[in-house]
Amino acid sequence: MTDKFIYDVSVRWSDMDAYGHVNNARFLTLYEEARVAMFFVGARQHGLGSFEEGIVIARHEIDYLRPVDYGEPVRIEMWISEQKAASFTVAYELFDDGVLASRARSVCVPYNLANGHPRRLTPEEREFLRPYLAA
């Protein structure tokens, strides 16, 4: 069984659209907060700081399953659905009050910001991702 990184994200009043639901574009912000928690805070707790040196997003894809209203924090569960030499795909599920409200995927590319080019995953990064990698 794949481990999931679970993170609760507060919904802000500014996330709302004119209809009183979380705006579709703001879902990306909620997913970003969870992803940053995993690759900056979570990785740092495991002694790994290299993701903080650069990750760029090559692709996002979101399925909206139901509206999310302002209120309690949403729970985001994340895992790695695919891993390649120089990229990996984060899969997410967003739960609102325990009900699945959205699914998403982000293709992430480790990036050398100083030199301005993509790079391969290091053995340490692969080790960090391993428990979250879907079988």
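Here is a walk through this predicted model, from the overall fold down to a few residues.

Since this is a prediction, local features need pLDDT of at least 70 and side-chain atom pairs count only at pLDDT 80 or more, while totals for chains, interfaces and linings use all residues. Residues are numbered from 1 along each chain as its sequence is written, and side-chain values use heavy atoms, with hydrogens and water left out.

Let's start with the fold. The protein has two helices and six strands; these are DSSP runs numbered from the N terminus, with helices being H or I of at least four residues and strands being E of at least two. Going along the sequence, the order is β-α-β-β-β-β-β-α.

Now the overall dimensions. The radius of gyration comes out at 15 Å, which agrees with the value near 14 Å for a compact globule of 135 residues. That radius is taken over C-alpha atoms, and the globule rule is 2.2 Å times the number of residues to the power 0.38. Along the principal axes, the C-alpha atoms fill a box of roughly 45 × 35 × 25 Å.

What about the surface? The protein exposes about 7500 Å², and carbon and sulfur atoms supply 51% of that. Accessible areas here come from the Shrake-Rupley method with a 1.4 Å probe, and for residues only the protein chains shown count as cover. Of the 135 residues, 39% count as buried, where buried means under 20% relative accessible area, exposed means over 50%, and partly exposed is in between (1.4 Å probe, protein chains only).

On the charge side, there are 15 positive and 20 negative side chains, and the centres of the two sets lie 6 Å apart. Lys and Arg count as positive and Asp and Glu as negative, leaving out His and the chain ends; each charge is placed at NZ of Lys, CZ of Arg, CG of Asp or CD of Glu.

As for contacts (heavy atoms within 4.5 Å), take those between residues at least 6 apart in sequence: 66% of them join residues at least 24 apart. A good place to see this kind of link is around Glu125. Ser50 sits in the loop between helix H1 (26-45) and strand E2 (55-64), and Arg119 sits in the loop between strand E6 (117-118) and helix H2 (123-129). The side chain of Ser50 makes a polar contact with the side chain of Glu125 at 2.6 Å, and the side chain of Arg119 also makes one with the side chain of Glu125, at 2.6 Å. A polar contact is a pair of N or O atoms within 3.5 Å; within protein, one must be able to donate a hydrogen and the other to accept it, and residues adjacent in sequence count only if both atoms are side-chain atoms.

Ser50 and Arg119 are in contact with each other too: leaving aside neighbours within four places in sequence, Ser50 touches Arg119 and Glu125. With residues up to four places away again set aside, the list for Arg119 includes Gly54, Ala86, Pro110, Tyr111 and Asn112. Ser50 counts as buried because its relative accessibility is 14%, and Arg119 is buried as well, at 18%.

Stay in the loop between E6 and H2 and you'll find Leu121. With a relative accessible area of 7%, Leu121 is buried. Not counting residues up to four places away in sequence, Leu121 touches ten residues' worth of partners listed by name, among them Phe51, Phe88, Pro110, Arg126 and Leu129. Its C-alpha atom is 15 Å from that of Ala58, with the two positions 63 residues apart in sequence numbering.

Over in strand E4 is Phe95, which is buried at 12% relative accessibility. Setting aside neighbours within four places in sequence, Phe95 is in contact with Val74, Arg75, Glu77, Leu100 and Ala101. Phe95 and Val68 are 27 residues apart in sequence and 9.0 Å apart, C-alpha to C-alpha.

Just past that strand, in the loop between strand E4 (88-96) and strand E5 (99-112), comes Asp97. Asp97 is exposed, with a relative accessible area of 73%, and has a positive phi of about 55° although it is not a glycine. Most residues other than glycine have a negative phi.

Finally, helix H1. Val36 is found there and is partly exposed, at 36%; its C-alpha atom is 9.5 Å from that of Phe51, 15 residues apart along the chain. Gln45 lies in helix H1 as well, and counts as exposed at 66% relative accessibility.
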